[in-house]
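The exercises below ask you to read a protein model step by step, moving between its sequence and its three-dimensional form. Keep both in view while you work through each solution.

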Amino acid sequence: MNPIDPLLWQPHQQFMAQALLLAEEAARNNEVPIGALVVKENRIVGKGYNQVERLNDPTAHAEMIAISAACETLNTKYLTDCTLYVTLEPCSMCSGALVWSKIDTVVFGATDPKAGGCGSLFNITSNNALNHQVNIIQGILENDCEFLLKEFFAKKR
């Protein structure tokens with residue numbers, strides 16, 4: 001995982017704040033509060049939040065929805081020169097999709113030691129055996145991302 005230049009924190013924080021708004025929307029819909037957006041040239045080209053419960057679809061993760069939306073917006077299957085912002089470290093399924101989409105960078109807030117595919121449990125996005133590797137930046141608005149998840153699950157218990 002790459003250390004982040006402090007000068008880059010500002011734009012990363014701005015986009016992560018927007019991903020947090022999407023995560024809050026997921027929570028309002030009784031979904032695990034995860035939000036994601038894809039950015040190309042400082043423009044949001046795709047966004048999503050978890051919709052697993054609503055769609056009865058275990059693949060309806062925020063990242064998957066944001067990837068699909070970005071590919072549709074850009075009319076391409078590859079997301080080169082794009083960055084995904086997501087409030088929680090992508091799981092192995094989403095990490096695989098990020099590799100296949102050839103996205104350049106993933107910026108995430110909270111780590112996921114139980115299912116993370118970007119270094120916490122698995123390291124799919126940096127696996128040299130795959131056809132593409134993704135730059136990873138972690139810890140942007142980490143406390144805010146963790147708080148939203150902890151608050152959601154505390155209410156569930």
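The buried residues of helix H4 are covered by elements that include helix H3 (62-74), strand E3 and strand E4. The model is a predicted one, and the exercises start from this helix.

**Exercise 1. Work out which residues of H4 are buried, and describe the surroundings of Val-99.**

Solution. Begin with the helix as a whole: H4 is mostly covered, since 7 of its 10 residues are buried. The buried residues are Cys-94, Ser-95, Gly-96, Ala-97, Leu-98, Val-99 and Ser-101.

Next, take one of them, Val-99, which is found in helix H4 (residues 92-101). Its relative accessibility is 2%, and because buried means under 20%, Val-99 counts as buried.

Then ask what lies against this residue: apart from residues up to four places away in sequence, Val-99 touches Ile-124, Thr-125, Leu-130, Asn-131, His-132 and Val-134. For a distance, compare Val-99 with Phe-122, which is 23 residues away in sequence, while the two C-alpha atoms are 13 Å apart in space.

Finally, look just past the end of the helix, where Lys-102 takes a positive phi of about 60°.

**Exercise 2. Find the residues that touch the most other members of the largest nonpolar core, and follow the contacts of Ile-103.**

Solution. The largest nonpolar core has 42 residues, and those touching the most other members are Met-16, Val-38, Leu-79, Leu-84, Ile-103 and Val-106. Helix H1 (residues 9-28) gives the most to this core, namely 7 residues. As a general background, nonpolar side chains in soluble globular proteins tend to be buried together.

Now follow Ile-103: when residues up to four places away in sequence are not counted, this residue touches Val-38, Leu-79, Cys-82, Thr-83, Leu-84, Leu-98, His-132 and Val-134.

**Exercise 3. Thr-83 and Thr-87 are both found in strand E3; decide for each whether it is buried or exposed, and list its contacts.**

Solution. Start with Thr-83, whose relative accessibility is 17%, so that it counts as buried. Beyond its neighbours up to four places away in sequence, Thr-83 touches Leu-37, Val-38, Val-39, Ile-103, Thr-105 and Val-107.

Continue with Thr-87, in strand E3 (residues 82-88), which has 2% relative accessibility and therefore also counts as buried. If neighbours within four places in sequence are left aside, the residues in contact with Thr-87 are Met-16, Ala-19, Leu-20, Ala-23, Pro-33, Ile-34, Gly-35, Gly-109, Ala-110 and Cys-145.

**Exercise 4. Three loop residues are Asn-30, Glu-41 and Asp-112; state where each lies and how much of it is accessible.**

Solution. Asn-30 belongs to the loop between H1 and strand E1 (35-40), and with a relative accessible area of 44% it is partly exposed. Its phi is near 60°, a positive value in a residue other than glycine.

Glu-41 lies in the loop between E1 and strand E2 (43-49), and its relative accessible area of 70% makes it exposed. Here too phi is positive in a residue other than glycine, with a value near 50°.

Asp-112 lies in the loop between strand E4 (105-110) and strand E5 (135-138), yet it is buried, with a relative accessible area of 14%. Leaving aside its neighbours within four places in sequence, Asp-112 is in contact with Leu-88, Glu-89 and Ser-120. Asp-112 and Pro-90 are 22 residues apart along the chain, and their C-alpha atoms are separated by 7.8 Å.

**Exercise 5. Describe the protein chain as a whole, including its order of helices and strands and its radius of gyration.**

Solution. First count the elements: the chain has 5 helices and 5 strands, and along the sequence they follow the pattern α-β-β-α-α-β-α-β-β-α.

Second, consider the dimensions. A compact globule of 157 residues would have a radius of gyration near 15 Å, and the chain's 14 Å agrees with this. Along the principal axes, its C-alpha atoms fill a box of roughly 40 × 35 × 30 Å.

Third, turn to burial and contacts: 46% of the 157 residues count as buried, and among contacts with a separation of 6 or more, 59% join residues 24 or more positions apart.

Last, consider the surface, where the chain exposes about 8300 Å², with carbon and sulfur atoms supplying 51% of it. The mean positions of its 12 positive and 17 negative charges are 4 Å apart.

Methods: Residues numbered from 1 in each chain as written. Predicted model: local features only at pLDDT ≥ 70, side-chain atom pairs only at ≥ 80, totals over all residues. Heavy atoms only, no water. Core = buried A, V, L, I, M, F, W, Y, C linked by side-chain atoms within 4.5 Å. Buried < 20%, exposed > 50% of the residue type's maximum accessible area, 1.4 Å probe, protein only. Helix = DSSP H or I, 4+ residues; strand = E, 2+ residues; numbered from the N terminus. Contact = heavy atoms within 4.5 Å. Rg over C-alpha atoms; globule rule 2.2 N^0.38 Å. Areas by Shrake-Rupley, 256 points an atom, 1.4 Å probe, with all protein chains shown as cover. Lys, Arg positive; Asp, Glu negative; His and termini not counted. Charge placed at Lys NZ, Arg CZ, Asp CG, Glu CD.
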